[in-house]
Amino acid sequence: MHGRLVFVAVQSAQLLRPATTVRCRLTANIASKAAAKTCPADLASVAAKTCPEDLEAYERQLLQWREDLLKCGMDFQSLREILQAVQQSDLQRFFEQLPKGVDNHVHLLGMGKRSYLMRRLAAQDYDGAFPAFWNPQTGMILVAKHASAGYVPLPDPASSEFQTLLEFLTMQSKQDDSSGLDPVSHAWEEFEKCFDRIEQPFFFEPFFRAVVLPHIIDDLRYHRDYGVELRMNPCDKLWSFPSDRDASGQKLLELLKDVDDFHIVVILTFNKANNEANRKNNWEKARSFLNLHRLFPDMVRAFDFVGCEDKGVQLKELKDIILYMRRMSKFELKLALHAGETSWNDDTVTPTTTNSKYALQQLEPGPDRLAHVCTVNRDFKVLDLLMRRAPEVPVEICITSNLILKYCPLLNHHVTILESSQHPFVLGA
Ligand SMILES: [Zn+2]
């Protein structure tokens with residue numbers, strides 16, 4: 001157990017290197033949930049003891065709780081109950097005190113508490129603030145001197161309308177109908193809209209500087225992180241108004257670089273949307289990205305292709321741009337690739353399965369990391385390829401995201417397969 005805890009503490013050193021030492025996070029995370037459900041009262045006394053025999057007993061108990069959790073049936077309601085119990089448990093407090101190292105696979109636009117950011121927007125209490133509006137038809141939020149057609153002022157933060165808006169923006173709305181014929185694609189489409197709806201104010205320069213960035217870093221520090229890996233496309237961001245957009249992405253990265261005593265790594269993201277403009281933009285972006293890597297070599301470390309996994313450009317069509325990025329950066333830019341995350345209408349031969357196989361079978365050199373690979377659960381060939389690939393390709397896992405977006409069976413998340421196969425992965429992605 002001792003060794004495992006040390007590995008938790010030092011996992012930040014594994015940035016963009018094979019995450020062979022971080023598997024212990026599974027034990028820690030799942031055990032803490034199981035522990036909360038089982039007997040939280042015993043935990044403080046167990047954890048307080050430090051002699052080796054007790055630590056061994058402690059580890060055995062953790063493993064038992066993990067087994068219990070993996071066996072227990074979970075629907076969303078009971079998952080919530082477990083999470084609530086976890087938040088109140090002694091073991092949770094114990095883990096909260098541990099240094100966490102680095103948060104892997106974080107999408108910048110998905111960070112920060114929506115409720116906090118929305119309240120700060122509504123309050124206009126930062127230098128350079130403009131009023132914030134929203135469109136009740138689309139849910140889009142906008143800061144502007146004047147409301148555009150269809151937009152109305154944000155509701156008062158104390159009102160029930162504000163609460164309803166927050167629930168809508170965080171996919172917790174009771175009106176959100178995900179029970180139709182195609183709940184999986186519905187969940188994904190709604191999920192992507194969550195990013196679009198907040199994007200303009202999120203990167204409104206005065207708001208980003210004064211509120212968003214300090215909030216994100218404070219939150220990470222509060223959780224004992226001392227670094228973060230941000231997936232982002234910084235180009236055309238950090239604007240006050242469209243004409244001021246930072247097309248090169250440089251201004252945004254300079255702000256991130258100025259954050260003191262906090263290690264930030266950037267993974268640059270291309271878009272997989274399947275349209276002519278995007279295909280052209282991605283080559284332009286490739287040149288901007290390489291320039292950003294040249295300007296910020298210690299911070300810009302990898303690239304990825306995100307979004308539209310099933311309906312977007314397929315991976316084999318992206319091989320030229322992948323090779324270009326690697327060669328032009330002298331192979332310093334690593335490929336941390338989203339692959340096999342979604343499951344659209346068909347669970348058999350979908351583009352997402354083809355993409356994960358292509359990444360493992362055809363890419364030379366192979367990807368440096370793969371994100372999600374839920375397809376391991378649906379196609380044994382993917383696991384076989386994953387196990388055979390050398391050097392090993394670590395997998396980034398986010399159980400919560402996979403379950404909420406309905407990409408994995410509740411009782412059999414593929415992380416259990418990776419763990420029993422002794423394949424390296426990192427949790428919390
Ligand atoms: Zn992701």
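**Figure 1. Surroundings of Phe 262 in the predicted model.** Phe 262 is partly exposed, since 14 other C-beta atoms lie within 10 Å, a count below the 20 required of a buried residue and above the limit of 12 for an exposed one. In this predicted model, Phe 262 belongs to the loop between α11 and β6. Apart from neighbours within four places in sequence, the contacts of Phe 262 are Ile 217, Tyr 226 and Gly 227. Arg 221 precedes or follows Phe 262 by 41 residues along the chain, and 8.6 Å separates the two C-alpha atoms.

**Figure 2. The open parallel sheet of 8 strands.** The strand order is β1-β5-β6-β7-β8-β9-β10-β11, and the pairing is parallel. β1 (101-107) and β11 (425-426) occupy the edges; each has a single partner strand, so one side of each lacks a neighbour in the sheet. Strands β6 (residues 263-271) and β7 (residues 300-306) run parallel and are joined by 6 bridges. Asn 271 has Val 306 in β7 as its bridge partner.

**Figure 3. Helix α12 against the sheet.** Helix α12 (residues 276-295) packs on the sheet and touches both β6 and β7, with its direction at about 160° to that of β6. The helix comprises 20 residues and spans 29 Å from first to last C-alpha, close to the 28 Å expected at 1.5 Å a residue. Lys 285, Phe 289, Leu 292 and His 293 are buried in α12. The packing partners of the buried residues of α12 are α11 (250-257), β6, β7 and α13 (319-328).

**Figure 4. The largest nonpolar core.** This core contains 80 residues, and Val 266, Phe 303, Leu 337, Leu 370 and Val 373 have the most contacts inside it. Helix α10 (residues 205-222) supplies the largest share of the core, with 6 residues. In soluble globular proteins, nonpolar side chains tend to be buried together. When residues up to four places away in sequence are not counted, Val 373 touches Ala 339, Gly 340, Ser 356, Val 382, Leu 386 and Val 395. For the protein chain as a whole, buried residues amount to 36% of the 429 residues.

**Figure 5. The open antiparallel sheet of 3 strands.** The strands are arranged in the order β3-β2-β4 with antiparallel pairing. At the edges are β3 (141-143) and β4 (152-153), each of which pairs on one side only. Strand β2 (residues 132-134) runs antiparallel to β4 and is joined to it by 2 bridges. Trp 134 is located opposite Val 152 in β4.

**Figure 6. Two cis peptide bonds preceding proline.** The bond from Glu 364 to Pro 365 is cis, with omega near -10°; Pro 365 is in the loop between α14 (351-361) and β9 (369-372). Ala 390 and Pro 391 are likewise joined by a cis peptide bond, with omega about -5°. Pro 391 occupies the loop between α15 (380-388) and β10 (395-396).

**Figure 7. Positive phi at Asp 236 and Lys 330.** Asp 236, although not a glycine, has a positive phi of about 65°, and its place is in the loop between β5 (225-232) and α11. Asp 236 counts as partly exposed because 17 C-beta neighbours fall inside 10 Å. Lys 330, also a residue other than glycine, has a positive phi near 55° and is found in the loop between α13 and β8 (334-339). Lys 330 is exposed, with 8 other C-beta atoms within 10 Å.

Conventions. Residues are numbered from 1 along each chain as its sequence is written. This is a predicted model: local features need pLDDT of at least 70, side-chain atom pairs count only at pLDDT 80 or more; totals for chains, interfaces and linings use all residues. Two strands pair if DSSP finds at least two bridges between them. Helices (H or I, at least four residues) and strands (E, at least two) are DSSP runs, numbered from the N terminus. Two residues are in contact if their C-beta atoms, placed from the backbone, lie within 7 Å. Axes are lines fitted to C-alpha atoms, for helices over the stretch in contact, and angles run from 0 to 180 degrees between N-to-C directions. A nonpolar core is a set of buried Ala, Val, Leu, Ile, Met, Phe, Trp, Tyr and Cys residues joined through C-beta atoms within 7 Å. The expected span of a helix is 1.5 Å times one less than its number of residues.
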